Amino acid sequence: MKTEILKVNMSEPELQKMEHAANVIRQGGLVVFPTETVYGLGANAFDDKAVKKIFVAKGRPSDNPLIVHISKKGTGCSDNEQKCMLDTLISDPKEKAKPLMDAFWPGPLTIIFNKSQIVSDIVTAGLSTVAVRMPSHPIASMLLELSGLPIVAPSANASGRPSPTCIEHVIEDLYGKVDVIIDSGNVDIGIESTVLDISTQPAVILRPGAITFDQISSFIPDVQFKKDYSDLADIPKAPGMKYTHYSPKADVFVIQGDIYDIVEKINELSNIDAKVGILATKQTADMYQNGLIIVSGDRENPHTIAANLFSAFRQFDSEGVDVIFAEGIEEEGIGVAIMNRMRKAAGPHNIINVGGK
Ligand code: TXA
Ligand code: MG
């Protein structure tokens, strides 16, 4: 398939280019577009044939449901159009979600509701619930508004690879498999949205993200979060969780505990006969003796680590590293989401605790 790359200015998206991309969506094509979290692979949520193409392009198992993205303004409604678009997708009353939507939409929070009839089983992988998100990225909003449709969009990576945070990652995984790729440079947050299921009582955070547990619990005090999902693994409501995500090709080990113990342990472990990669931070990069050292970011500002995590994993891959030792960080705020993605990349058997933690 011929893939067209459209370079679009994030602060002032060119209308003509955006109208073209919106047309491709309306005609059943696939468009990769930036969001504030990661790049997404979009199709018309109401077009089953188009939605099926997403699963093929990504190599995604068909039992892993998609997030439906909506914009401030939807189609077919006169006044408060944003609310109207959501109304068509869900069968729950919105009251429970309203304070969350008011606080965090548009933004990196996905909310799971009971679905309406109009949402196809292909989108939800046969579940009775639907995940909905209103992205804040200006290009994502404009694409949604110009197409006048809800757009399903998983992260724009090949299934099993880290989510794409820049155009090079998208091209690596999806060039030749989609109609249009919108290039607007690096995304802002770098890890996927928080996924919150409010169709259950109590509500559950299924995937941590930039909207933190504390932020959500200020609106839903009894919200639950199971750190590593281990006890959620057999709940069919969260099918995506049984798949390996965010994984580079190398074996990943996460070393967690006190920072000096972590450095000592990594120096000990990395003294091996293999091509080693070390995922370090600004504070520790100088303390390592072996291997390819990549600085993910600054421990004092974990958002910088979130922004670079997936691209660091991809860089290790392109350098042909066999094994990656990744420094754990403090599990607070967005650190919870960062550690969640690191552990997912490593798998349950590759977590090493040091210093008695
Ligand atoms: O930040 C994001 O959310 C990005 C951007 C592009 O918006 N999208 C994204 O989509 O990360 P995806 O498909 O890569 O991840 C969606 C996750 C999957 O783990 C999926 O299983 C889960 O959300 N999910 C979707 N619908 C669900 C539902 N009805 N019930 C439970 N989990 C659901
Ligand atoms: Mg994904």
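Where is the place of Thr284? We will come to that residue at the end of the tour, but here is the short reply: Thr284 sits in the loop between strand 13 (276-280) and strand 14 (292-295). Keep in mind as you click around that this is a predicted model.

**Stop 1: the whole chain**

Start with everything shown as a cartoon. You should find 11 helices and 16 strands. The radius of gyration is 20 Å, close to the 21 Å that the globule rule gives for 357 residues, so the chain is as compact as a globular protein of that length. Along the principal axes, the C-alpha atoms fill a box of roughly 65 × 50 × 35 Å. If you colour by burial, 57% of the 357 residues count as buried. Contacts reach far along the sequence too: of those with a separation of 6 or more, 67% are between residues 24 or more positions apart.

**Stop 2: the open sheet**

Now select the strands numbered 1 to 11. These 11 strands form an open sheet with mixed pairing, in the order 1-8-2-3-7-4-6-5-9-10-11. Its edges are strand 1 and strand 11 (224-225), each of which pairs on one side only.

Begin at the strand 1 edge by selecting residues 4-7. Strand 1 runs parallel to strand 8, and 4 bridges join the two. Look for Glu4, which stands opposite Val180 in strand 8. Strand 2 (31-33) also runs parallel to strand 8, joined by 2 bridges. Here Val31 has Val180 as its bridge partner.

Stay with strand 8 (180-183) and show its side chains. In a regular strand, side chains alternate between the two faces of the sheet. Which residues of strand 8 are buried on each side? Val180 and Ile182 are buried on one side, while Ile181 and Asp183 are buried on the other, so both faces of the strand are covered.

Next, select residues 40-44, which make up strand 3. Strand 3 pairs with strand 7 in the antiparallel sense over 2 bridges. Ala43 is a good place to zoom in: its bridge partner in strand 7 is Val152.

**Stop 3: helix 6**

Select residues 138-147. This is helix 6, and 7 of its 10 residues are buried, so the rest of the structure largely encloses it. The buried residues are Ile139, Ala140, Ser141, Met142, Leu143, Leu144 and Ser147. To see what covers them, add helix 1 (15-26), strand 2, strand 4 (67-69), strand 7 (151-152) and strand 8, which are among the covering elements. After the helix comes Gly148, with a positive phi near 70 degrees.

**Stop 4: some backbone details in the loops**

Pick Trp105 and Pro106 and look at the bond joining them: the peptide bond is cis, with omega near -5 degrees. Pro106 belongs to the loop between helix 4 (98-104) and strand 5 (109-114).

Then go to Gln201 and Pro202, where the peptide bond is again cis, with omega near -5 degrees. Pro202 is found in the loop between strand 9 (194-197) and strand 10 (204-207).

Also visit Ala125, in the loop between helix 5 (121-124) and strand 6 (129-133). Although Ala125 is not a glycine, its phi is positive, at about 55 degrees. Is Ala125 buried, partly exposed or exposed? With a relative accessible area of 24%, Ala125 is partly exposed.

**Stop 5: helix 10**

Select residues 302-318. At 1.5 Å a residue, the 17 residues of helix 10 should span 24 Å, and this agrees with the 24 Å between its end C-alpha atoms. Follow the helix to Asn308, where it bends by about 40 degrees. Its buried residues include Ile305, Leu309, Phe313 and Phe316. Covering elements include helix 7 (167-174), strand 12 (251-256), strand 15 (323-327) and helix 11 (335-346). Gly320 follows the helix, with a positive phi near 70 degrees.

**Last stop: Thr284**

Finally, return to Thr284 in its loop between strands 13 and 14. Thr284 is buried, with a relative accessible area of 1%. Show Ile259, Val263, Arg299 and Glu327: Thr284 touches these residues, leaving aside those up to four places away in sequence. Which side chain shares a polar contact of 2.4 Å with that of Thr284? The partner is Glu327.

Definitions and conventions:
Residues are numbered from 1 along each chain as its sequence is written. Chains are lettered from A and ligands numbered from 1 in the order in which they are written. This is a predicted model: local features need pLDDT of at least 70, side-chain atom pairs count only at pLDDT 80 or more; totals for chains, interfaces and linings use all residues. Side-chain values use heavy atoms; hydrogens and water are left out. Helices (H or I, at least four residues) and strands (E, at least two) are DSSP runs, numbered from the N terminus. Buried means under 20% relative accessible area, exposed over 50%, partly exposed in between (1.4 Å probe, protein chains only). A polar contact is a pair of N or O atoms within 3.5 Å; within protein, one must be able to donate a hydrogen and the other to accept it, and residues adjacent in sequence count only if both atoms are side-chain atoms. Contact means heavy atoms within 4.5 Å. The expected span of a helix is 1.5 Å times one less than its number of residues. The bend at a residue is the angle between axes fitted to the seven residues ending there and the seven starting there. Two strands pair if DSSP finds at least two bridges between them. The radius of gyration is taken over C-alpha atoms; the globule rule is 2.2 Å times the number of residues to the power 0.38.
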